[in-house]
Amino acid sequence: MVLHLILTLLCSVLALVSGYSTTLPISSFDEGYSHLFGDDNLQVLKDGKSVHLSLDERTGSGFVSQDLYLHGFFSASIKLPADYTAGVVVAFYMSNGDMYEKNHDEIDFEFLGNIRGKEWRIQTNIYGNGSTNVGREERFGLWFDPSDDYHHYSILWTDDHIIFYVDNVAIREIKRTGSMGGDFPSKPMTLYATIWDASGWATNGGKYKVNYKYAPYIAEFSDFVLHGCTVDPIELTTLKCDPTPNSNSILAHITPVERIKMEIFRKKHMQYSYCYDRMRYETPPHECVVDLEEAKRLKSFDPVTFGGSRHRHRGRTHHRSRLESF
Ligand SMILES: *[C@@H]1O[C@H](CO)[C@@H](O)[C@H](O)[C@H]1NC(C)=O
């Protein structure tokens with residue numbers, strides 16, 4: 001307990017010192033993004049820097065980055081809808097499903113709504129080269145209520161690792177291993193944000209559905225960071241790489257202190273990991289390191305059902321016509 005306190009304290013001090021996301025330029029919505037679907041359920045606020053995505057009985061909504069990226073640091077500040085949100089999913093993710101229908105890549109943050117009085121959960125996952133038959137989902141609770149205020153959610157994607165961050169705390173690291181083969185995302189992707197009705201699976205395996213009595217459900221986005229290498233959508237050649245700020249090393253590996261902090265978070269907040277799902281994987285995928293205590297702890301959580309990426313690409317036709325217009 002004392003050790004935990006000391007580590008937590010040490011980590012917060014270091015996080016303050018290193019707080020890199022504040023050193024990266026924030027882009028406005030119009031500079032970096034396009035409307036994907038949902039008509040006026042997407043609203044850009046007057047400052048041009050914040051966007052509200054809403055879900056009502058007619059439609060969800062979403063937007064997509066104008067540029068295609070191969071690696072980088074991608075972040076947004078997000079405030080989720082409050083109160084009864086069962087069945088609602090807010091997704092913040094990278095994908096190239098529009099360009100590669102059979103062998104797409106994906107890096108996902110999915111926020112899963114909940115019944116009143118129970119908290120949002122956050123799901124992370126990746127697919128590489130169409131590996132949709134091997135989900136690598138993990139689910140977490142958070143140490144705050146994400147509907148109370150804006151919080152930063154970030155994806156770091158390099159050639160050999162992916163890190164998911166919440167408020168600059170690394171919550172999951174995926175290293176590219178030999179056994180993963182093509183399952184590690186490696187083709188250029190765009191960044192998406194959507195809100196949609198996932199009544200079939202999001203809350204307790206689909207037991208609780210979206211209730212439109214509480215609509216509209218509004219997810220608020222701000223502080224967009226798109227920092228990486230842009231790629232030409234036709235030629236697939238690199239156009240330009242943003243400079244890495246030299247005050248810190250965002251494209252470097254996770255530091256020992258970050259790793260300790262991540263382990264503390266995961267012990268406390270992880271609710272599901274594919275590595276422990278014996279119904280799904282009789283033998284866990286090769287990259288998994290299984291801990292028996294953890295296996296026992298994870299048994300106590302809700303049934304888990306997964307979305308599958310198909311559901312989410314409702315805006316596909318809009319996006320494609322945008323790409324064709326280049
Ligand atoms: C990705 O998939 C394509 C088509 O299925 C295949 O030809 C290619 O070898 C795969 N790449 C990797 C890195 O596995």
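**Exercise 1.** Find what percentage of the 326 residues in the chain is buried.

*Solution.* Begin with the term: a residue is buried if 20 or more other C-beta atoms, placed from the backbone, lie within 10 Å of its own, exposed if 12 or fewer do, and partly exposed in between. By this rule, buried residues make up 38% of the 326 residues. The model is predicted, and its local features need pLDDT of at least 70, side-chain atom pairs count only at pLDDT 80 or more, while totals for chains, interfaces and linings use all residues. Residues are numbered from 1 along each chain as its sequence is written.

**Exercise 2.** Locate Pro-243 and decide whether Pro-243 is buried or exposed.

*Solution.* First, recall that helices (H or I, at least four residues) and strands (E, at least two) are DSSP runs, numbered from the N terminus. Pro-243 lies in the loop that runs between β15 (238-241) and α3 (256-269). Next, count the neighbours: Pro-243 is exposed, because 6 other C-beta atoms are within 10 Å. Finally, His-227 is 16 residues away from Pro-243 in sequence, and the two are 8.4 Å apart in space, C-alpha to C-alpha.

**Exercise 3.** State which elements of the chain have the lowest and the highest mean pLDDT.

*Solution.* Note that pLDDT is the predictor's confidence in each residue, from 0 to 100. The chain averages a pLDDT of 87, and 85% of the residues score at least 70. Among the elements, helix α5 (residues 316-324) has the lowest mean, 36, whereas strand β3 (residues 51-55) has the highest, 98.
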